[in-house]
Amino acid sequence: MITASGGTESGQSGLWEPHYHHDVIATRTLGFWLYMLSDAMIFAGLFAAYGVLSHTYNAAGGPVLHALVHPWTAYAETLSVFASVLAYGGVMVALKRGSRAGVLAGLVAAFILGAVFVGLEVHEFAALFRMGIYPEGSGYLSAFFALVMTHGIHMAFGLLWMATMFFQVAAQGLTDKTVYRLLNLKLFWHFQAILWVLVYTFVDMRGVL
């Protein structure tokens with residue numbers, strides 16, 4: 001309430017005093033949540049397109065899901081993703097303890113396990129290309145490659161981000177900037193794991209049923 005002198009009552013003045021602290025980390029994390037919502041909409045469109053084009057007649061006489069999916073490779077990819085997320089959980093534990101060495105060790109472990117996933121996926125795509133299977137082969141193949149490769153590109157970007165954070169934490173320590181970047185990376189990495197569960201369920205598991 002504004003007083004006659006133009007000021008505010010003492011009970012209401014706290015938010016307007018110069019000493020009021022704005023939580024920069026929370027604000028930037030909220031902004032990243034908004035980005036992930038937009039990313040989720042992209043993947044929703046890709047899953048919808050895959051669902052529409054996943055029928056046999058959209059394969060145009062070419063290979064269908066059973067010829068594209070390698071169940072044991074997909075299972076190994078799933079284990080590597082979950083293990084990488086678990087390793088990044090160690091980063092968060094070390095961050096709460098203020099341990100720079102623990103954060104760096106967790107980033108290395110999460111990076112290696114994530115690189116295993118990307119390596120397996122690159123190997124899968126290389127095998128398909130050697131067999132002459134390309135995205136332009138049919139509507140079904142276009143939807144398949146668009147969905148799986150978009151997720152793979154996100155994983156590769158996450159690895160690049162992880163490597164960047166390793167060098168930033170090693171050089172700068174656990175500052176406000178490095179902390180909020182580590183938190184956003186945690187959100188991004190967990191989001192990729194959730195997306196992979198969906199890809200594994202609706203693509204890989206359907207290919208072996």
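Gly-106 is found in helix α4, where helices are DSSP runs of H or I with at least four residues, strands are runs of E with at least two, and both are numbered from the N terminus. The model is predicted: local features need pLDDT of at least 70, side-chain atom pairs count only at pLDDT 80 or more, and totals for chains, interfaces and linings use all residues. Residues are numbered from 1 along each chain as its sequence is written, and side-chain values use heavy atoms, with hydrogens and water left out.

**Glycines of α3 and α4**

Gly-106 is buried, with a relative accessible area of 9%. Buried means under 20% relative accessible area, exposed means over 50%, and partly exposed lies in between, for a 1.4 Å probe and protein chains only. Leaving aside neighbours within four places in sequence, Gly-106 is in contact with Ala-87 and Val-91; contact means heavy atoms within 4.5 Å. Gly-90 has its place in helix α3 and, at 33% relative accessibility, counts as partly exposed. From C-alpha to C-alpha, Gly-106 and Gly-90 are 5.6 Å apart in space, although 16 residues apart in sequence. Gly-90 and Gly-102 are 12 residues apart along the chain, and their C-alpha atoms are separated by 7.6 Å.

**Helices and the residues after them**

The chain has 6 helices and 0 strands, so from the N terminus on its elements run α-α-α-α-α-α. The table compares the end-to-end C-alpha distance of three helices with the expected span, which is 1.5 Å times one less than the number of residues.

| Helix | Residues | C-alpha span | Expected span |
|---|---|---|---|
| α3 | 27 residues | 40 Å | 39 Å |
| α4 | 31 residues | 44 Å | 45 Å |
| α5 | 34 residues | 49 Å | 50 Å |

For α5, the distance between the end C-alpha atoms agrees with the expected value. A glycine with positive phi is found after α3, where Gly-98 has a value near 75 degrees. Just after α4, Gly-132 takes a positive phi of about 80 degrees, and just after α5, Gly-173 takes one of about 85 degrees.

**The nonpolar core**

A nonpolar core is a set of buried Ala, Val, Leu, Ile, Met, Phe, Trp, Tyr and Cys residues joined through side-chain atoms within 4.5 Å. The largest such core has 51 residues, of which Tyr-88, Val-103, Leu-107, Phe-144, Leu-147, Leu-182 and Trp-189 touch the most other members. Two or more residues of this core come from each of α1 (24-53), α3 (71-97), α4 (100-130), α5 (139-172) and α6 (176-208). Apart from neighbours within four places in sequence, Leu-182 is in contact with Tyr-88, Val-91, Met-92, Leu-95, Val-103, Leu-107, Met-165, Val-169 and Leu-174.

Val-203 lies in helix α6 and is buried, with a relative accessible area of 0%. The C-alpha atoms of Val-203 and Leu-147 are separated by 9.5 Å, with their positions 56 residues apart along the chain.

**Surface and chain totals**

On the surface, Leu-30, Trp-33, Leu-34 and Leu-37 form a nonpolar patch with about 440 Å² of accessible area together. Patches are made of residues with over 30% relative accessible area and no salt bridge; like charges are joined within 9 Å, and nonpolar side chains (Val, Leu, Ile, Met, Phe, Trp, Tyr) within 5 Å. A salt bridge is a side-chain nitrogen of Lys or Arg within 4 Å of a carboxyl oxygen of Asp or Glu. Accessible areas come from the Shrake-Rupley method with a 1.4 Å probe, and for residues only the protein chains shown count as cover. Leu-37 is found in helix α1 and is exposed, with a relative accessible area of 53%.

The chain exposes about 11500 Å², of which carbon and sulfur atoms supply 70%. Buried residues make up 39% of its 209 residues. Among contacts with a separation of 6 or more, 79% are between residues 24 or more positions apart.
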